[in-house]
Amino acid sequence: MPKQEPKICDPEAAPTIGDVGRRDSSHNAIASVARISRRRGPMDSKYVWDLLMRHFAPLCLAGGCLIFCTCSNLAAPVISGALVQTLVDAQPLSKYSPLLAALGTLYILEPLLTRIYIRTVCQVGERVLAALRLELFRTLLMQKIEFFDKHSHTELTSLISVEVDALRSFVFNNVSRDRGLRALLEAVGAVVVLYCLSWRLGPILALVIIATGLTAAMYKRQTKTVEAKQLNSLAAMVDVADQAFSNIKTVRSFAGEALERERFGVYVSDSMASGIGFANAKANLESLNRFAVHLSLLALYGLGGWLVSNQLMPIRTLLSAIGFTFSLVFATQGVVQTFSDARRALVSLRRLQSLLAGSKPDAGMATALPPGAWWEHASNQSSIVVEPYGADAGDAAVQAARSGPLELQNVCFTYPLRPTAHVLRGLDISLPFGSQTAIVGRSGAGKSTVVALLSRFYEPDSGVILLGGQDITSFSRGEWARAVSLVSQEPVLFSGSIADNISYGRYGRCSLEQVIRAAQAANAHDFITALPQGYDTLVGDRGLLLSGGQRQRVAIARALLKDSPIIILDEATSSLDAKTERLLSQAIERLTTGRTTIVVAHRLSTIQAADKIVMLEDGKAVEQGTHEELIAQPTRYRDLVSSQSLTLRR
Ligand SMILES: Nc1ncnc2c1ncn2[C@@H]1O[C@H](COP(=O)(O)OP(=O)(O)OP(=O)(O)O)[C@@H](O)[C@H]1O
């Protein structure tokens, strides 16, 4: 008969210590982005286009401003030329004043509309990139665990930071007058106006400048591989540094600093080599641009001067042409630069796309983690939707856990990254509700693999796992998360306060009193209150500001507060001092009482009281029974116990 589960939580309790689940009323916006998301991946160009089109009205406004500003910039040299011509011809003030007024109006309106253009484009850019970043993060979170086995976490975090930022820089760097679409329109417009002003002078000037621009563009194209190399070496450099810093104690204890420096140095020198390649390209390009300016000015003064002196062209045309020469040179340079930026952004986009192309989203996660659209309402930050899927999940798995055993039936499994190594070969285990089962076996026997399958990190290749007679895949991720708590005794905590960590399994929806009760049951309250900031103490990166024993008890308190009917306990391999060990055993006793418990035992001394011990060997359960039953016969378990120098209890 299962024992009564101790109750730590009252679901109706209020107030909550961290209400992360605020609902947003804008279901239409969410549904709309959800529709886009279901059809395409976050870095699909069509997906990006659809997101952009959600800002159609602001983009139209920006387009209108852009057209006005371009026309204004093209008209200004013509008006300036005409203005000077009235002075040269000593015409009356009535001819001069309207031109001056027109120029003044353009000079006032152009900066104002430029402001609207830049502001609107940047705002739309920010919104679209926020949406992309969030969608990218969601897509990564949805991946199967094997995806995370394959890619290092620095690689994935750099996607979200560095690569998405490259796209952001592209938008921000190319909204100014001398870059991007504006520069392109001005360059084309300047060629047209120059041609209209003087069919002899205009085409020559335009040809000189555009030919130089194109040469520069081709030259920049040659740096493409250098650029890709630099990005790769940068990513590798970050990876080496991250590994070295996150494993600094191991590095120090092996005196591995020199090795790490050498590894880092290889990528630094790669990055330096590509940087020098870049510097050469930049120097050549700059020199080429200067050459273009000088050549066009020479053409202007030579040919233009000859045309004016032979009265084939008025002086105002020469003056206008001088104005256009400079804007054409800068605009052409800007267009070339924009193409180069676009290439850099494309490299980032391709990196994102290629990584996501090999991704394998977990089917269950796609429904558990639907796309959100809170950024659509960024002006009203209080409406952020963060709805943990476990919080509102039904209790079907919890009910099933209470109604029957947890069973592995003929389970076979190979890790996706090592498809030829069969880890489990027809494993059969039955765990009655409320019982404690210990999984033992030699190192590499597959104990942690059983934990991984029960946690649904992977799926069996064949065979089934049943809970209360139902296939566990019939439960949603949220339902499963409510039913199962994984307590690794070498746990990693999240950087944040102790209270945040304990309430994590309840998504912060519990009172401080409940947190304290859980901590008391986990024998953690005393050490927590002895800390200067008590429950508000920050635990540091991965909880490393707490001792191992303290981290374990915080993790037990977290599981106690979550209050799930199944507990998976992955035992610590390292030993603790006798007092901490006793405190921990008491905490575990409280946690596991009345719950189905699977203990992965690395040290056999702790599991002798288990209801059942399962001996794993060669991917199968070769022996099952109580400690007494198993050591009463010449079993492999008895050999294992002997090898750990235990005193056999008969
Ligand atoms: N993510 C993974 N990808 C590929 N192979 C893995 C992965 N994790 C474990 N393995 C392999 O699966 C086999 C079983 O490993 P598992 O961690 O389940 O053993 P264990 O019994 O828990 O060992 P230990 O007592 O040493 O922790 C080992 O050969 C291991 O190398």
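**Close-up 1. Helix 18 and the residue that follows.** In this predicted model, helix 18 covers residues 512–521. Have a look at its buried positions: Q514, V515, R517, A518, A519 and A521. Polar and charged names sit in that list beside the nonpolar ones, with Q514 and R517 both counted as buried. Just past the end of helix 18, N523 adopts a positive phi of about 55°.

**Close-up 2. The largest nonpolar core, seen around A557.** Which members of this core touch the most others? They are I556 and A557, in a set of 76 residues. Helix 20, spanning residues 548–562, is the biggest contributor, giving seven residues to this core. Leaving aside residues up to four places away in sequence, A557 touches I502, A518, A519, A522 and A524. Two of these partners, A518 and A519, will be familiar from the first view, as buried residues of helix 18. In soluble globular proteins, nonpolar side chains tend to be buried together.

**Close-up 3. A second core, separate from the largest one.** This set holds 23 residues. Among them are V191, A206, L319 and F330. Keep L319 in mind for the next view, where this residue appears on the helix 12 side of a helix pair.

**Close-up 4. Helix 3 against helix 12.** Here helix 3 (residues 56–88) meets helix 12 (residues 315–357), with axes that come within 8 Å and cross at roughly 150°. An angle over 145 degrees counts as roughly antiparallel, and the two helices are therefore roughly antiparallel to each other. Their crossing is right-handed. From helix 3, the contact draws on N73, P77, V78, S80, G81, A82, V84, Q85 and V88. Facing them in helix 12 are I315, R316, T317, L319, S320, G323, F324 and S327. Sorted by class, the contact has eight nonpolar, eight polar and one charged residues.

**Close-up 5. Helix 6 against helix 12.** Helix 12 has another partner to show you: helix 6 (residues 153–173), packed at an angle of about 150° with the axes 9 Å apart. How do the two run, roughly parallel or roughly antiparallel? They are roughly antiparallel to each other. Helix 6 passes helix 12 in a left-handed crossing, whereas the crossing of helix 3 and helix 12 is right-handed. On the helix 6 side you will find L159, E163, A166, L167, F170 and N173. Their counterparts in helix 12 are D341, A342, R344, A345, S348, L349, R351, L352 and L355. By class, this contact divides into nine nonpolar, two polar and four charged residues.

Terms used. Residues are numbered from 1 along each chain as its sequence is written. This is a predicted model: local features need pLDDT of at least 70, side-chain atom pairs count only at pLDDT 80 or more; totals for chains, interfaces and linings use all residues. A residue is buried if 20 or more other C-beta atoms lie within 10 Å of its own, exposed if 12 or fewer, and partly exposed in between; C-beta atoms are placed from the backbone. Helices (H or I, at least four residues) and strands (E, at least two) are DSSP runs, numbered from the N terminus. A nonpolar core is a set of buried Ala, Val, Leu, Ile, Met, Phe, Trp, Tyr and Cys residues joined through C-beta atoms within 7 Å. Two residues are in contact if their C-beta atoms, placed from the backbone, lie within 7 Å. Axes are lines fitted to C-alpha atoms, for helices over the stretch in contact, and angles run from 0 to 180 degrees between N-to-C directions. Angles under 35 degrees count as roughly parallel, over 145 as roughly antiparallel, 65 to 115 as roughly perpendicular and the rest as oblique. A crossing is left-handed if the near helix is turned anticlockwise from the far one by less than a right angle, and right-handed if clockwise. Ala, Val, Leu, Ile, Met, Phe, Trp, Tyr, Cys and Pro count as nonpolar, Asp, Glu, Lys and Arg as charged, and the others, Gly among them, as polar.
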